[in-house]
Amino acid sequence: MGFLKLFRKDRQRRRRLDYYADGLGLRGKSLAAIEEPGFRKAFDTAVELNREGWGGKVPDIRWRAHTAVWAARHGLALEGDFVECGVYLGLLSLTIAHSLDFARVPKRFWLFDTWDGLAEGALTDQEKQRSDQAGWIYRGVYELAARNFAPFPNVTLVRGTLPQSLEGQPIGKIAYLSMDLNSAAPEEAVIRTLWDRITPGGVVLLDDYGWTGFDDQRRMWDGFAAGRGVPILSLPTGQGLILKPPA
Ligand SMILES: C[S@@+](CC[C@H](N)C(=O)[O-])C[C@H]1O[C@@H](n2cnc3c(N)ncnc32)[C@H](O)[C@@H]1O
């Protein structure tokens, strides 16, 4: 079949779906969760605050953001802070901060990023190829990120390369950990450092786990999880979810 025919067929198939975004197509499923007004308002705010960094076209990752908000909300009842590694302008973490009215939450949200792109030296061949294709993205955005989180005095931006930038940060227990570095080596170093601080019942959310082309990260997380005897829930959004078992 020619490319044009394939393209038309794909477009027709998408038209029959109730939802299609971010590589996720749904039919016959309720969209109530992503249309709930509080969530919608928080996500739309995050999108507006991300627009400049995405050259105007912010990806529609509503369902991933919904998962992240659920995971963070679950963490509210647990002892410990929130941590995100790989923040960029905070499409996920800003949606959480606005959804949960985080300025009033008695927790700290630790945000780790270079705000200047991926750590080149740590990339596998597959990761390097992907990062070269993305090119401009993720660079020189610290000021924008700082502006985005300014309304939240209990959010701390830690600028630097992970895992080294964890050193000296007074992070105690962790109720919610979000990993989105697009790179296996620093993610592995981070989880090996932080795992023992995650509160039993706490959540580790993996943004890249189930995406094709992110095999190095999936293999790393599968190995880590097997070593700890914890299962990873693979979601159709491409995310992976780990709940730390009770002690
Ligand atoms: C996919 S983006 C994160 C997107 C973000 N979670 C969101 O909601 O928009 C990946 C981020 O990880 C950061 N990053 C990658 N490797 C890093 C490392 N070793 N140390 C610190 N930041 C890193 C990049 O600078 C980039 O901003």
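A salt bridge is a side-chain nitrogen of Lys or Arg within 4 Å of a carboxyl oxygen of Asp or Glu. The legends below use this term for a predicted model.

**Figure 1. D216 and R219 meet in a salt bridge.** The N-to-O distance between these side chains is 3.1 Å. Both residues sit in helix α9, which covers residues 215–228. They are 3 residues apart, so about one helical turn separates them. The two partners differ in cover. D216 is buried, because its relative accessible area is 17% and buried means under 20%. R219 is exposed, because its value is 52% and exposed means over 50%.

**Figure 2. The whole protein in outline.** The chain has 247 residues, and 49% of them count as buried. The protein holds 9 helices and 9 strands. Its C-alpha trace spans about 55 × 40 × 40 Å along the principal axes. Which radius of gyration would a compact globule with 247 residues have? The expected value is near 18 Å, and the protein has 18 Å, so the two agree. A search of the whole structure finds 10 salt bridges.

**Figure 3. R64 and D22 form a salt bridge.** Their closest N and O atoms are 2.8 Å apart. This pair links distant parts of the chain. R64 lies in helix α4 (residues 62–76), while D22 lies in the loop between β1 and β2. The two are 42 residues apart. R64 counts as buried because its relative accessible area is 12%, below the 20% limit. D22 is partly exposed, at 23% relative accessibility. A third residue joins the view: D22, R64 and D207 are linked in a network of salt bridges.

**Figure 4. R62 and D60 meet in a salt bridge.** Here the N-to-O distance is 2.7 Å. Is R62 buried or exposed? R62 is buried, with a relative accessible area of 13%. D60 counts as partly exposed, at 28%.

**Figure 5. Two residues with positive phi.** D22 has a positive phi of about 60°, although it is not a glycine. D22 belongs to the loop between β1 (19–21) and β2. W115 is not a glycine either, yet its phi is positive, about 50°. Look for W115 in the loop between β4 (109–113) and α6 (125–134). W115 is buried, because its relative accessibility is 2%, under the 20% cut-off.

**Figure 6. A cis peptide bond at P163.** The bond joins L162 and P163. Its omega is about 10°. P163 is part of the loop between β5 (155–159) and β6 (174–179).

**Figure 7. A positive patch on the surface.** Which residues form this positive patch? They are K9, R13, R16 and R27. R27 sits in the loop between β2 (24–26) and α2 (32–35). R27 is exposed, because its relative accessible area is 54%, over the 50% limit.

**Figure 8. A nonpolar patch on the surface.** Three residues build this patch: F3, L4 and F7. Together they have about 360 Å² of accessible area. L4 is in helix α1, which covers residues 3–15.

Technical notes:
Residues numbered from 1 in each chain as written. Predicted model: local features only at pLDDT ≥ 70, side-chain atom pairs only at ≥ 80, totals over all residues. Heavy atoms only, no water. Patch = residues over 30% accessible without salt bridge, like charges linked within 9 Å, V, L, I, M, F, W, Y side chains within 5 Å. Areas by Shrake-Rupley, 256 points an atom, 1.4 Å probe, with all protein chains shown as cover. Lys, Arg positive; Asp, Glu negative; His and termini not counted. Charge placed at Lys NZ, Arg CZ, Asp CG, Glu CD. Helix = DSSP H or I, 4+ residues; strand = E, 2+ residues; numbered from the N terminus. Buried < 20%, exposed > 50% of the residue type's maximum accessible area, 1.4 Å probe, protein only. Rg over C-alpha atoms; globule rule 2.2 N^0.38 Å.
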